[in-house]
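Here is a quick tour of a two-part story, written for someone who likes to check things against the atoms. Have the viewer open as you read.

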Amino acid sequence: MEITLEGPCAYFEKLLAFKTMYPQRKDLVEEWGDKAGSEAEYTISCGPFKLEKWTHKSELVLVKNENYWDADKVKLDKVTYKIVEDPNTASNMLSNGQLDICAVSKPEWLEKFKQRDDMTYVSEFEPSVAYQFFNQEVELFSNANIRKAFALAVDKEELVDVLYYGIGEPAYGWIPPVMKVGDKTYRDVVEEPLKKLQEENPDPKELLIKGLEELGMDPDPSKITINMLEGGTDPETRRFAEYYQQAYETALGVNIKAEYVDWPVFLDRVQNMDYELAGMGWMGDYDDPMTFMDMWMTGSEMSNTGWSNKEYDELIKKAQESLDEEERLECFKRAEEILLYEDAVIAPVIYRKSSRFQYNYVKDTMKPLFGSGIEFKYAYTQDRK
Amino acid sequence: MLKYILKRVLYMVLTLWIVITITFFLIHAIPGNPLASLARNLPPQVRANYYAKYGLDKSVPQQYVMFLKNLFHGDLGESLKFPGRSVTDIISEHAPISARLGIQAILIGVIVGIVLGIIAGFKRNRWPDHLVMFVAILGVCLPSFVLAALLQYILSVKIELFPTAGWGTGKYTVLPTIALCFGSIATYARYMRSSVLDVINQDYILTAKAKGISNFSLIWKHVIRNAIIPAITILPPQIAGIFGGSFVIESIFAIPGLGSNLVDAVNNRDYTVIMGLTIFYCALYIISLLVVDILYGVVDPRVRVSEDTTE
């Protein structure tokens, strides 16, 4: 196989690990059409395991793929994924050994499992950031100082503890700590822009009042009511929204009204700029800051804020085409500074982490940053009772 | 009788059509669209093609006509959220699971409930009556999901008798069946008790007793047949519920039934799945109503349709 690129691309090899680049069997995809990947019989694999059985909403059974190029290294014969929607049920199943590995994020279960010495807790960074964003077509948010005030209003350390039960790290930058430029970890060499912003502006309310004066609006924050759009109607979304609501109201003295809509409606409204303030998460696709940065270029339509910045566009374009990793790093550094420090287009809140427990007899599982969950290629069990 | 059934079937089709129409327009009236998250990042032309593929570029009345046409050919369409999976597949894969659980629960619920109700009725104001009524009040008051969580914790986590959740062999069905049938046991017991009390004070029971009939025949031939009518009335919604499954119970026990499919479909605005499942439920409900009406006639000769009244 040969791939011809239209131009230079420093991160091309990393791009290859992205899901949309996975190999396909042309003849079978054409034969199956839309059915491809919808049932076990319409799914093929070139990985260490293949899908043998798929009972929708119940379980997926993977068996060792004898045709895999590195099949000698694969130790497990079978891996079963159980689909369990209720987190309490899943935790119950882990607790009495019906599951070997299970994601856990409820505080009462975290406590309980952490005390058991036959289990290991694994929590790793994901290439993912949760953030708040502002519609700049709304008069209030057309002012950078006001956006900065909102970006600084939330105490991220406390938020990680209260909302995420400690699973995650407070985010003062947009690129999460695990992303690399070439071989260099970006966050190791570039300081988080919001830290500088916070040091210079200890009181976000002052920023807000300054912004209001710049706009020629009444400088009394208590006269402002902002509609915060939430993409969910479940209790968990409400818990999050109420926290933000209180945080903004306490720090800035403004009034926040939360509006809860279903996820498809949320996306529709963000796309059509029919919101004032909203929050969501972004998960990177491949191991290069580009997957976080190109979405804010003019016309990308990934997350509509109404923001457009020529210098930012040029920097990202340069980083796309350059093969010099030092130069690319500098581009990203400057672009992130514009995005967060100068223009406060978005307000990153936390770098997300995964959280799971597994029994000690489970060995050598891996969780690749960009893949489909846990990798079982080298995994095995030892001394299981 | 045949004429009566035929007439009922015609009404059924009419009802179904009305329900389909109302659901169709209501579903399209709520904001949000099923392709929003899938087609979000596509270039405009690709997105347009994508919408056109599912007919979503047309006006709602046009879509309605298209939908009815396909329905007439027995085609319920394909899920918008999971391309390649047809609605008929979803029903045929998940409905039997809900059905198995539901039939088990309803059989146990009806039989145990009726027997308990008869016992309570005959032993009125004595300890069996008090015990049954205590259980019945518990059954009516205790939500099934509380019972489910309790059963799961005691019989699976503490004493490892049954699997916690999942679907497979018969033992997987034990806990959800108990959780599901407890409420109907309670309801049937209460219905049965009060109608048994009505019936045993009737003159014909006294006559039968005077004739020296055995206790078994008395209950079987005279009491049950007369007392069961109110209990039959509450059967159709339960039969429809069989296939619908209980969303909460299915979620707690991770059972791949139909209930969670419907809830997901509504959350995702998966129009075709919502429509397909609505039609399925509605048809089931209407058919079970008809079956129950026929059952009345079997149980109670007084409600049989005579030839001259249908004329």
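Is B:Gln104 buried, partly exposed or exposed? Keep in mind that this is a predicted model. B:Gln104 comes out as partly exposed, because its relative accessible area is 23% and the buried label needs a value under 20%. You'll find B:Gln104 in helix 4 of chain B. If you skip the neighbours within four places in sequence, B:Gln104 touches B:Thr173 and B:Thr177. B:Thr177 sits 73 residues away along the chain, yet the two C-alpha atoms are 6.6 Å apart.

Zooming out, here is chain B in a few numbers.

| Property of chain B | Value |
|---|---|
| Secondary structure | 15 helices, zero strands |
| Box filled by C-alpha atoms, along the principal axes | roughly 85 × 65 × 30 Å |
| Residues that count as buried | 44% of 311 residues |
| Contacts joining residues at least 24 apart, among those at least 6 apart in sequence | 74% |
| Accessible surface | about 16000 Å², 69% of it from carbon and sulfur atoms |

Now for helix 9 of chain B, residues 215-227. A straight helix of 13 residues would span 18 Å, but helix 9 of chain B covers only 16 Å between its end C-alpha atoms. Which of its residues are buried? They are B:Leu218, B:Val223, B:Ile224 and B:Ala227. These four lie on the same side of helix 9 of chain B, because they cover an arc of only 135 degrees around the axis. As a rule, an α-helix has 3.6 residues a turn, so residues three or four places apart point the same way. The other side of helix 9 of chain B carries B:Trp220 and B:Lys221, both exposed. The cover over the buried residues includes helix 4, helix 7, helix 8 and helix 10 of chain B. Helix 4 of chain B, by the way, is where we met B:Gln104.

Chain A gives us a sheet to look at. Six of its strands make an open sheet with mixed pairing, in the order 7-13-6-12-10-11. Strand 7 (169-170) and strand 11 (255-261) of chain A are at the edges; each has a single partner strand, so one side of each has no neighbour in the sheet. Strand 11 of chain A runs parallel to strand 10 (residues 225-231), and seven bridges join the two. One bridge partnership links A:Asn227 with A:Lys257 in strand 11 of chain A.

What lies across this part of chain A? Helix 10 (residues 235-252) of chain A does, crossing strands 6, 10, 11, 12 and 13 of chain A and running at about 165 degrees to strand 11.

Technical notes:
Residues numbered from 1 in each chain as written. Chains lettered and ligands numbered in written order. Predicted model: local features only at pLDDT ≥ 70, side-chain atom pairs only at ≥ 80, totals over all residues. Heavy atoms only, no water. Pairing = 2+ DSSP bridges. Contact = heavy atoms within 4.5 Å. Axes fitted to C-alpha atoms, helices over the stretch in contact; angles between N-to-C directions. Expected span 1.5 Å × (residues − 1). Buried < 20%, exposed > 50% of the residue type's maximum accessible area, 1.4 Å probe, protein only. Arc of directions from axis to C-beta. Areas by Shrake-Rupley, 256 points an atom, 1.4 Å probe, with all protein chains shown as cover.
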